[in-house]
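Open the structure in your viewer and get ready to select a few stretches by residue number. We will go stop by stop, and at each one you will know what to look for.

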Amino acid sequence: MKKLLVMLCAGVMAVSMSVSAFAGVRLVGSSTLKTVRVWDALVVDGSAATKDKVVITAVNEENAKAAAELVAKNGGTTIAVADVNYSPITFVKMKVAFNLKNVVATDSVSVWYKDGSGAWVKQAAEKVENGKATFTFEYDQVHNGNTPMVFVK
């Protein structure tokens, strides 16, 4: 009976540990940061475009460290960090709704991103809903290939 109880407890523990390992956190560089995705269709210069025009990848180690220092210096809570690539398209203005975990409609959400000159710029979300924050970017703000973005509240 004791062996059965020990085996049962070991099985439950093994399953619970493996399930929590996939609970919305992924390895980014050598840090674990939450994932971010594009919510739905984009609005590019006033016209709808498919969300596959924006490619979101893991942030590199250098940008992950810079993001952590940026948030520590300027306050706020990090929601997500990612490199966002807009390079397949050219635009004047693009509206993007990001799927962000643990965001509710009453939150004040902003994004820090590196502009074309490499400087960090903070921009407030123009709309926040449960699980979603919408931003409009101008091409000259984010055209430098992979743009590191730090979403904070």
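In which sense do strand S3 (residues 37–38) and S8 pair? They pair in the antiparallel sense, over two bridges.

**Before you go further**

This is a predicted model, in which local features need pLDDT of at least 70 and side-chain atom pairs count only at pLDDT 80 or more, while totals for chains, interfaces and linings use all residues. Residues are numbered from 1 along each chain as its sequence is written, and side-chain values use heavy atoms, with hydrogens and water left out.

Colour by pLDDT, the predictor's confidence in each residue, from 0 to 100. The protein averages 75, and 73% of the residues score at least 70. Among the elements, strand S1 (residues 25–28) has the lowest mean pLDDT, 30, and strand S11 (residues 127–129) has the highest, 96. The names come from DSSP runs numbered from the N terminus: helices (H or I) have at least four residues and strands (E) at least two. Now select residues 4–33, where pLDDT stays under 50. Where pLDDT is low, the predicted coordinates should not be read in detail.

**Stop 1: strand S8**

Select residues 93–99, which make up strand S8. Two strands count as paired if DSSP finds at least two bridges between them. You have already met S3; there, the bridge partner of Arg-37 is Asn-99 in S8. S4 also pairs with S8 in the antiparallel sense over two bridges, and Val-44 stands opposite Met-94 in S8. Add strand S12 (residues 132–138), which pairs with S8 over seven bridges, again in the antiparallel sense. Here Ala-97 has Thr-134 in S12 as its bridge partner.

How many of the seven residues of S8 are buried? Five of them are, so the strand is mostly covered (buried means under 20% relative accessible area, exposed over 50%, partly exposed in between, with a 1.4 Å probe and protein chains only).

**Stop 2: the five-stranded sheet**

Next, show the open sheet of five strands with the order S6-S7-S13-S9-S10 and antiparallel pairing. Its edge strands are S6 (55–57) and S10 (120–124), each pairing on one side only. From one strand to the next, the twist averages 30°. Helix H2 (residues 61–74) packs on this sheet and touches S7, S9, S10 and S13; its direction makes about 35° with that of S13. For such angles, axes are lines fitted to C-alpha atoms, for helices over the stretch in contact, and values run from 0 to 180 degrees between N-to-C directions. Contact means heavy atoms within 4.5 Å.

Zoom in on strand S7 (residues 78–85), joined to strand S13 (residues 146–152) by seven bridges. Ala-80 has Phe-151 in S13 as its bridge partner. Three bridges join S6 to S7, and Ile-56 stands opposite Val-84 in S7. S7 is largely enclosed by the rest of the structure, because seven of its eight residues are buried.

**Stop 3: the nonpolar cores**

A nonpolar core is a set of buried Ala, Val, Leu, Ile, Met, Phe, Trp, Tyr and Cys residues joined through side-chain atoms within 4.5 Å. The largest one has 29 residues, and those with the most contacts inside it are Tyr-86, Phe-98, Leu-100 and Phe-151. S7 gives the most to this core, with four residues. A second, separate core of nine residues includes Val-59, Val-81, Trp-112 and Val-150.

**Stop 4: the aromatic rings**

Rings of Phe, Tyr and Trp (its six-membered ring) pair if their centres lie within 6.5 Å; planes under 30 degrees apart count as stacked, over 60 as edge-to-face and the rest as tilted. The count comes to five aromatic pairs. Select Tyr-113 and Phe-137: this pair is edge-to-face, 5.6 Å centre to centre, with 90° between the planes. Tyr-113 lies in S9 and Phe-137 in S12, 24 residues apart. Then add Phe-135: its ring centre is 6.0 Å from that of Phe-137 and the planes are at 20°, so the pair is stacked. Both Phe-135 and Phe-137 are buried.

**Last stop: two loop residues**

Most residues other than glycine have a negative phi. Asp-45, however, has a positive phi of about 50°, and Asn-102 has one of about 65°. Asp-45 is partly exposed at 41% relative accessibility, whereas Asn-102 is exposed at 56%.
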